[in-house]
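Visitor: I'm new to reading protein structures. Could you walk me through this one?

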Amino acid sequence: MNADFRRALCERVLIFDGAMGTSIQDRNLSSDDFAGKEGCNEILVLTRPQVIREIHASFLQVGCDAVETDTFGASRLVLAEYELADRAYEINRAAARLAREVAADFSTPDLPRFVVGSMGPGTRLPSLGQIEFDDLLLLSGEQARGLLDGGADVLLIETCQDLLQAKAAILGCQDAMAAAGRAVPLMVQVTMESSGTMLLGTEIGAALTALE
């Protein structure tokens, strides 16, 4: 459906959903819901998929065009903090499938609904030597493969603080698309500090130029 996403984006403003994290908090879930992995919202796509379905549906019911998968922290690196590193691909694929099912329920020929694969920035910055560039590329590629195999229409690299981090994630996504034989739109967000630059001092114009 990626061609439809591009076409729709050319025709109108597309409205994305709201925050997944606070939507989950509103559900007052227990430790059992998280299988003892409290703080790991991403595990809910396996332990409480109906909750995630309902959250996606709540945004589509009020007219959103796209929902983001519950995978902001679903890279192997972040999941390792919950002893879930070996389930990274599984979690990403399951999350995209859940969102895909709900989006299909709300889609019409005149108003398709889209699934955006969410990829958070992780917890280590390559420019500060906290992780090797090649390692980050592989981690991003694994997450992207799961999202693509689950049916994501778009990949969204979210809230980047480090341009080297963004570059690794972009290359990882491109590798995943090549392996899947399916190209989808790729979106990148950068986080600007109150100083007016990214965390490591990059101005927005320089960030845009580097990403392009």
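**Helices and cores**

Guide: Sure! Let's start with a crossing: α4 passes α6 in a right-handed way. Keep in mind that this is a predicted model.

Visitor: Is α4 roughly parallel or oblique to α6?
Guide: Helix α4 covers residues 49-61 and helix α6 covers residues 88-106. They pack at an angle of about 40 degrees, with axes 9 Å apart. Angles under 35 degrees count as roughly parallel. That angle therefore makes α4, relative to α6, oblique.

Visitor: How many residues where α4 meets α6 are nonpolar?
Guide: On the α4 side you'll find Ile-52, Ala-57 and Leu-60, among others, and the α6 side includes Leu-98, Val-102 and Phe-106. There are also two polar and two charged residues in this contact. The nonpolar ones number nine.

Visitor: Which element gives the largest share of the largest nonpolar core?
Guide: That core has 44 residues, and Ile-24, Val-45, Ile-52, Leu-79, Leu-155 and Cys-173 touch the most other members. Elements that each supply at least two residues include α4, α6, β2 (114-119) and α8 (163-180). The largest share is nine residues, and it comes from α6.

Visitor: Which residue of α4 does Val-45 touch?
Guide: Leave out residues up to four places away in sequence, and Val-45 touches Ile-52, Asp-70, Ile-91, Ala-94, Ala-95 and Leu-98. Helix α4 runs over residues 49-61. From that list, the one in α4 is Ile-52.

Visitor: How many residues are in the other core?
Guide: It lies apart from the largest one, and its members include Leu-14, Phe-114, Val-116 and Val-154. The number of residues in this core is eight.

Methods:
Residues numbered from 1 in each chain as written. Predicted model: local features only at pLDDT ≥ 70, side-chain atom pairs only at ≥ 80, totals over all residues. Heavy atoms only, no water. Axes fitted to C-alpha atoms, helices over the stretch in contact; angles between N-to-C directions. Helix = DSSP H or I, 4+ residues; strand = E, 2+ residues; numbered from the N terminus. Parallel < 35°, antiparallel > 145°, perpendicular 65-115°, else oblique. Left-handed = near helix turned anticlockwise from the far one by under 90°. Contact = heavy atoms within 4.5 Å. Nonpolar A, V, L, I, M, F, W, Y, C, P; charged D, E, K, R; others polar. Core = buried A, V, L, I, M, F, W, Y, C linked by side-chain atoms within 4.5 Å. Buried < 20%, exposed > 50% of the residue type's maximum accessible area, 1.4 Å probe, protein only.
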